[in-house]
Structure formats: structure tokens, C-alpha cells
Amino acid sequence: MVTSFYTPVGAKAARLALILLCLGLAAPGQTASKGTTAGTASKTAKKSGSSAPAKDPAAVIHTTAGDMRCELFPSQAPKAVANFIGLARGTKAWKDPVTGKEMHKPLYDGVIFHRVIPEFMIQTGDPTGTGSGSVGFEFPDELHADLLFDQPGRLAMANHGVNTNGSQFFITEKEVPFLNPCLEPAGCMGGRRAPNSGYTIFGQCDAETVELVKKIARMACQAGPVCSDANSRPATPVKITHIEIVSGGKGAPAPKKPSPSPSKPGTAPAKPPAK
């Protein structure tokens, strides 16, 4: 006996309609899901695009010999950068080394580059123009093993020993590894360098600035036409007219080593003796 199954035409039509209805309900749900995902992605993209990190500030040092531009490093040297900006803008109080009065004006306006040495650096920041003036405060060093004097144009604090930063700073014209920080617990150079000593690098100056530094370092000095570590006082010093702080930096990377503490307050270390 053969048994066959017969489905009436009406039943087939009803079943097909049911299938089409289910497909119709599923499709809008899928479309909405895609639309929601796309919308979320769009919002996320906009949000991530608006959170771009701000650039570090820069200093434009206007001088009688030309302008210098240096990117500042607030992340690596927050104390030094805040001090520099405060003194440049006149928002940080300082003591006049001559009168002893508390001052509330831009410190660097009118200050000279009092010490210049070819193949090394130029130094400024002392209101007395001698390199031995004190502005009434000192703050700690900010030294890093990965921030070295390994390239030209390092902007760094001058000092006269550990944690004695004030207002003086210098800019290098080449890499000077002998200034890199001494971070060894027992000191460096056979104990001649104190542990955790050095010069805080708080900025990087651009290539044009380095060329100007070289020019200033090669101007005539008081004791002769060629400046040196022993003859570093310019005959006609270059003067800072104003330091402008701008947003968004443009500069290079960082330096290394600190050398033995100089004998005079607020001075960068002397160059090592010629071999």
C-alpha cells in the first residue's frame, strides 16, 4: 500500500505567508542594529578625535642678537618649567640681588648672557649679570636617566650644587655627555661627583637657536677675542629683551650628565681639562 501526503493549496499559502511575515519582522531588527552600531562608532570616532593631547609650551627668547625658540618639558621637569614661566611672565616673586626687595615683574627682561664658551654653552638668568647673584630661593633638581645632554640645544638649569636651582639657565651648542646626571648611589668619577647630582634639562631648542648660540659663543670676550672657560665674559654681552611663552612647542629631545658642582653660585660646570 502506498501512502501519500497531500497538502491543500490553501494550507501551503498560509505557511508561505507565515514565513514571509517572520522574515519581514527580522529584517528591521537587523537594520536597526547596524544603524545603532554605526552611530555609536561615529560618536566614538568624534570623541577620540577631540581628545588629541595638547602640545607642550614653548619659550621664544627675544634677544638683541635674534630670537631663540625652545620647547619646554613640563612632564619631565615640572618644577623647572613652572619656575621659568613664572619668572619670564613676572607671576613668580623673586628678590632683587642688589636691593634685596621682592620683585613682581619679568626677571629676564634686560638680563645678559654673562658666560659664553665655544663648543659648550651660553649662560644667562642672573639679574646682576655676574653669575653670582641670588634671587632669594632655590628648588630641587629633576634628573632622569633617559634625559641626557646627548644633542645640541639642551635648555638646562645652572646651579652651584645639588638642589640649588634658581633663575640661571644655559643652552648647549653640542652634545656634552660629561654633564649627564650622576645617579649612582656611591657617586661618580671616583667620588668626585656626588650621587643624584646634575643639571636639570627642562627644554629643547631648535636648530636655528643652536646656530645663534654658536654665534654668541664666538663673539669677543673681555680678556681677548676668543672666549674660553677661563675667558668667558663677553666684551659686549647679548641681552634678553623678553621671553614669550607660547602654546605648542617645536624642538628636539633631551640631554645627559651633570659635571662637578661649580664653585660660583648659579653656574654651569666648567669644561673638563683638555687631555
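A residue is taken as exposed when its relative accessible area is over 50% and as buried when that area is under 20%. In the predicted model considered here, this distinction separates two sides of helix α3: the face turned away from the buried side of α3 carries the exposed residues Ala207, Glu208 and Lys215. Buried positions in α3, which spans residues 207–217, are Thr209, Val210, Leu212, Val213, Ile216 and Ala217. Viewed down the helix axis, the buried residues of α3 fall within an arc of 160°, and they therefore line one face of the helix. The cover over these buried residues is provided in part by strands, including β1 (58–63), β2 (66–72), β5 (113–117), β6 (121–124), β8 (169–172) and β9 (201–205).

Confidence varies along the chain. The mean pLDDT of the protein chain is 81, with 71% of its residues reaching 70 or more. Over residues 1–49 the pLDDT stays under 50, and for this stretch the model has 1 contact beyond four places in sequence. Residues 250–265 also have a pLDDT below 50, but this stretch has 84 contacts in the model beyond near neighbours in sequence. Where pLDDT is low, predicted coordinates should not be read in detail.

Aromatic side chains were examined next. The structure holds 7 aromatic pairs, one of which is formed by Phe84 and Phe202, a tilted arrangement with 5.3 Å from centre to centre and 50° between the planes. Because Phe84 belongs to helix α2 (residues 78–89) and Phe202 to strand β9, this pair ties together parts that are 118 residues apart in sequence. Phe84 counts as buried, at 0% relative accessibility, and Phe202 is likewise buried, with a relative accessible area of 0%. A further pair, that of Phe170 and Tyr199, is edge-to-face, with 6.0 Å between the ring centres and 75° between the planes. Since Phe170 lies in strand β8 whereas Tyr199 lies in the loop between β8 and β9, the contact between these rings ties together parts that are 29 residues apart in sequence. Phe170 is buried, with a relative accessible area of 0%, and Tyr199 is buried with a value of 3%. Ring pairs also link Phe84 and Phe202 with Tyr108 and Phe169 into a cluster. An aromatic ring is involved in a further arrangement at Phe137, where the charged end of Lys92 sits over the ring, 4.1 Å from its centre.

The loop between β8 and β9, to which Tyr199 belongs, also holds residues with notable backbone angles. Most residues other than glycine have a negative phi. Met189, however, has a positive phi of about 55° although it is not a glycine, and this residue lies in the loop between β8 and β9. Asn196, found in the loop between β8 and β9 as well, has a phi near 55°, again a positive value in a residue other than glycine. With regard to solvent, Met189 counts as partly exposed at 38% relative accessibility, and Asn196 is partly exposed with a relative accessible area of 48%, whereas Tyr199 is buried.

How values were computed: Residues numbered from 1 in each chain as written. Predicted model: local features only at pLDDT ≥ 70, side-chain atom pairs only at ≥ 80, totals over all residues. Heavy atoms only, no water. Buried < 20%, exposed > 50% of the residue type's maximum accessible area, 1.4 Å probe, protein only. Helix = DSSP H or I, 4+ residues; strand = E, 2+ residues; numbered from the N terminus. Arc of directions from axis to C-beta. Contact = heavy atoms within 4.5 Å. pLDDT = per-residue confidence, 0-100. Phe/Tyr/Trp six-rings, centres within 6.5 Å; stacked < 30°, edge-to-face > 60°. Lys NZ or Arg CZ within 6 Å of the ring centre and 35° of its normal.
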